[in-house]
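Biologist: Could you take one part of this model and walk me through it closely? I'd like the strands and their surroundings, with the cut-offs spelled out.

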Amino acid sequence: MKRHAVCVSRILLKSNNASSIVSIRCLNTKEAIERRHHLFTLEKKRQLDKVGRIEKIEVNYKGIPNDCTLVMNKDLSTPYDCARHLSEWHADSSALAVINDSVYWDMHRPLTENCTLQFQNFTVPEPQQVNKAFWRTCSLLLGACASVAFKDTVPVKLHSFPGPDIRSGSFIYDIDLPTLDNWVPTAQELQTLSAEYVLLSRKCLPIERLDVSEELALEMFKDNEHKAGQIPSIARANGKVTLYKVDKHVDISKGPMISHTGLIGKLTIASVHQIPGSEDGSLKRLYRFQGVALPTGVILNHFTFSILQERAKKLNSARSPLSKYEDTRDSVAASA
């Protein structure tokens with residue numbers, strides 16, 4: 001399978017003609033994850049190789065301990081690279097970057113021009129945007145955990161997650177489990193899913209961003225009819241499709257996301273609810289996975305967190321994604 005993925009990737013990187021894409025056999029969930037990860041890695045390498053001659057840019061950092069100017073590499077250096085020049089604390093604690101005082105930027109997204117730079121953590125005076133990025137990242141990781149939580153005989157087709165709404169009390173991911181009828185997870189199954197989530201977050205993995213063409217995105221998600229159906233609309237609206245990768249999991253989101261998984265602290269997967277299928281009957285149901293989490297360093301006692309858990313068990317009122325698809329995913333990041 002890996003050798004075939006390499007072949008498909010080379011074809012995609014040489015041509016934008018979708019008709020040249022080679023058909024592949026039906027993949028199980030694990031194989032599809034490996035294939036998407038491989039294509040993501042190849043495309044990221046191709047884009048880096050395309051940079052060519054390295055140009056320098058000036059990044060004017062504003063913040064503690066002192067304002068300073070850093071000379072970095074255009075289209076290569078990221079805010080995370082800048083943070084490492086300042087201190088280990090800056091690199092580890094910064095969740096999000098702010099470019100030119102107004103544009104919220106992923107920590108691992110290359111900088112494209114001279115700019116001012118600030119870092120945001122979860123203690124800034126106005127944390128609305130960094131909190132949204134945190135909630136959004138929690139949904140991304142929930143999809144990653146759910147993808148590998150079931151036996152190979154149970155296909156898992158991720159559908160989508162809405163823009164973050166902290167007031168709702170839970171982050172969510174809507175998932176199609178076509179072979180499971182009226183599944184109600186036990187408390188033990190929810191605990192197991194939570195444990196998988198904790199293991200993933202404790203790895204302190206970077207959240208990587210990559211903008212790709214519609215053709216490549218369709219090839220990467222050709223095993224998932226839900227994602228494939230959303231991609232053309234996203235590409236028409238933005239001229240590209242933005243992907244995020246954590247470990248080997250690749251998903252679609254406008255972002256921005258927080259810097260790394262280690263910024264997710266206390267958490268639990270609280271519930272799974274069924275939501276109605278499509279009106280035409282082509283999709284019987286979706287399962288809405290719901291969880292709640294706190295950023296690392298935010299401490300709540302057991303009683304207070306249990307109140308949040310109970311709230312997160314109630315069905316999240318976010319609209320069903322099975323209504324006619326529109327690209328309404330939350331975003332505060334500027335176009336590249």
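Modeller: Here is a walk along one run of paired strands, then the core and two histidines.

First, the ground rules. This is a predicted model, so local features need pLDDT of at least 70 and side-chain atom pairs count only at pLDDT 80 or more, while totals for chains, interfaces and linings use all residues. Residues are numbered from 1 along each chain as its sequence is written, and side-chain values use heavy atoms, with hydrogens and water left out.

Let's start at β8, residues 208-212. Strands here are DSSP runs of E with at least two residues, helices are runs of H or I with at least four, and both are numbered from the N terminus. Five of the five residues in β8 are buried, where buried means under 20% relative accessible area, exposed over 50% and partly exposed in between, with a 1.4 Å probe and protein chains only. In a regular strand the side chains alternate between the two faces of the sheet. On β8, one side carries Glu208, Leu210 and Val212, the other has Arg209 and Asp211, and both faces are covered.

Next door is β9, residues 241-246, which pairs with β8 in the antiparallel sense over five bridges; two strands count as paired if DSSP finds at least two bridges between them. Opposite Arg209 in that pairing stands Tyr244 of β9. On to β10: four bridges join β9 to β10, again antiparallel, and Val246 has His249 as its bridge partner. The β9-β10 hairpin has two residues between the strands, and Asp247 there takes a positive phi near 55 degrees. Strand β10 covers residues 249-252, with His249 and Asp251 pointing one way, Val250 and Ile252 the other, and all buried.

Now the core. A nonpolar core is a set of buried Ala, Val, Leu, Ile, Met, Phe, Trp, Tyr and Cys residues joined through side-chain atoms within 4.5 Å. The largest one has 51 residues, and Leu177, Tyr197, Ile264 and Phe289 touch the most other members. Among the elements giving two or more residues to this core are β9, β11 (264-276), β12 (285-295) and α6 (187-201), but α5 gives the most, with eleven. Contact, for what follows, means heavy atoms within 4.5 Å. Leaving aside neighbours within four places in sequence, Tyr197 is in contact with residues including Thr137, Leu141, Phe171, Ile264 and Ile269.

Then there's His159, in strand β6 (residues 157-160). At 7% relative accessibility, His159 counts as buried. Its side chain makes a polar contact of 2.9 Å with that of Ser160. By polar contact I mean a pair of N or O atoms within 3.5 Å; within protein, one must be able to donate a hydrogen and the other to accept it, and residues adjacent in sequence count only if both atoms are side-chain atoms. Beyond four places in sequence, the contacts of His159 include Tyr173, His226, Lys227, Leu286 and Pro321. His159 and Arg288 are 129 residues apart in sequence, yet 9.9 Å apart in space, C-alpha to C-alpha.

The other histidine is His90, in helix α4 (residues 88-93). It counts as buried at 5% relative accessibility. The side chains of His90 and Tyr61 make a polar contact at 3.3 Å. Not counting residues up to four places away in sequence, His90 touches Tyr61, Ile64, Pro65, Ala83 and Phe119.
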